[in-house]
Amino acid sequence: MKLFIKRMAAFAACLLVPALSLADHTEPGEHPRPDDHAPIGVMGDHVHKAGEWMFSYRFMRMTMSGNRDGTDSISPDDIATTAPNRFFGMPGQPPTLRIVPTEMTMDMHMFGAMYAPTDGVTLMLMVNVLDNEMDHITFAGGMGSERLGTFTTRSSGFGDTRLSGLFTLNETRNGRLHAILGIEAPTGSTSERDTILTPMGMRPEVRLPYPMQLGSGSWSAVLGLNQSWSWDRFSAGAQWQSLIRLNENGDDYTRGDEHRLNLWGAWRLADRVSASVRLEGFQRGNTDGQDPMIMGPVQTADPDRHRARRVDLGLGLNVVVGKGHRLALEWVKPVYQNLDGPQLEVDSNLVLGWQYAF
Ligand SMILES: [Cu+2]
């Protein structure tokens, strides 16, 4: 799978070079506005004209570092000595969390296709390839602050796949409102395994906790509304999008629903370049039910330690590089995080994207 990811990245790079060289062969006025599309971290923000196609590739790297309980930071030593283990009482389970995640990197390669059968309807398909890595500290035995060692778990492969329709509801000279209606299929694995280090010094291979799994295992509905406005040098948008789980998965649990509210503004700095500012409110619920194969003195194995509420600030750039080609970049940083913890907190999210419409 690592090789596959490298090949896809090389493929994307091969596409970027001709895209950039095309930039010199375009007449003024022949290309669309750079801010016709929202900041690259927003999905389903724009529609296409009848018969138009668009292909896109996004690379997203989310970095998580350090832990939080509510809005307060909590150290690994405090977690290991004070945070209760929900599995305590079962054979070999200590009273507190003796394995503490310290960092996580989530790389997502997102491949998208859009097609508009009519002016009022745009169809969108999104396929993800994920590459996750999580670092941990293992504390020795059932109590105390002595550290036994560290270990890293990894998982990679296809995530869940999303098919949605964007339906224009209202269009005025300066604005457009569309509905987002879709379905997410459970194509991502929920049974990834890797080797861990236990507080007793053993190294078994186990099913990884929920945040390291690649998919939700459930079918989900995608619902949303998107309003965009544009004026001469300025544009703005607002979007609500929710992911609602429709059924319990085959491993006896349902991941929490996700809700996002986005507001953005973009300024055209030049004919082909726009800069953007975005605020996103994000909420994810706890996991309902429990996978009987996931158990251990670690916060990630606890279904009641997944809830997150966050406000993120994003700074972005959109560039039109040639006829139909766009490059975009966005850097996103949380300004508020409230977690059912202890839980790893988001440090930053970087999104790079290429889009080609024809
Ligand atoms: Cu598109």
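## Exercises on a predicted model

A hairpin joins strand 6 to strand 7 through three residues, and the exercises below start from this place in what is a predicted model.

**Exercise 1.** Describe how strand 6 is paired with strand 4 and with strand 7, and name a residue partner for each pairing.

*Solution.* Begin with strand 7, which covers residues 175-185 and is joined to strand 6 by 10 bridges, the two strands running antiparallel. Within this pairing, R162 stands opposite E184 of strand 7. Next, turn to strand 4, residues 121-139, which is joined to strand 6, residues 161-171, by six bridges, again in an antiparallel arrangement. Here L125 has L163 in strand 6 as its bridge partner.

**Exercise 2.** Decide whether G314 is buried or exposed, and list the residues that it touches.

*Solution.* First locate the residue: G314 belongs to strand 16, which runs over residues 308-322. Then count its surroundings: 21 other C-beta atoms lie within 10 Å of G314, and because a residue with 20 or more counts as buried, G314 is buried. Finally, leaving aside residues up to four places away in sequence, G314 touches P39, G41, R278, E280, E330, W331 and V332. L208, by contrast, is 106 residues away from G314 in sequence, and their C-alpha atoms are 31 Å apart in space.

**Exercise 3.** Identify the residues of the largest nonpolar core and the elements that give two or more residues to it.

*Solution.* The largest nonpolar core consists of 12 residues, namely I74, I79, A80, A83, L97, I99, V100, F139, Y210, I294, V298 and A301. Two or more of these residues come from helix 2 (76-82), and likewise from strand 3 (99-118). A second core, separate from this one, has 11 residues, among them M54, M114, M124 and I180. As for the contacts of a single core member, I74 touches N67, R68, D69, I79, G341 and P342, when residues up to four places away in sequence are not counted. In soluble globular proteins, nonpolar side chains tend to be buried together.

**Exercise 4.** Work out how compact the chain is for its length, and how its contacts are spread along the sequence.

*Solution.* The chain contains two helices and 17 strands. Its radius of gyration is 22 Å, close to the 21 Å that the globule rule gives for 358 residues, so the chain is as compact as a globular protein of that length. Along its principal axes, the C-alpha trace spans about 70 × 35 × 35 Å. Of the 358 residues, 38% count as buried. Lastly, among the contacts with a separation of 6 or more, 67% are between residues 24 or more positions apart.

Conventions:
Residues numbered from 1 in each chain as written. Predicted model: local features only at pLDDT ≥ 70, side-chain atom pairs only at ≥ 80, totals over all residues. Core = buried A, V, L, I, M, F, W, Y, C linked by C-beta atoms within 7 Å. Helix = DSSP H or I, 4+ residues; strand = E, 2+ residues; numbered from the N terminus. Contact = placed C-beta atoms within 7 Å. Pairing = 2+ DSSP bridges. Rg over C-alpha atoms; globule rule 2.2 N^0.38 Å.
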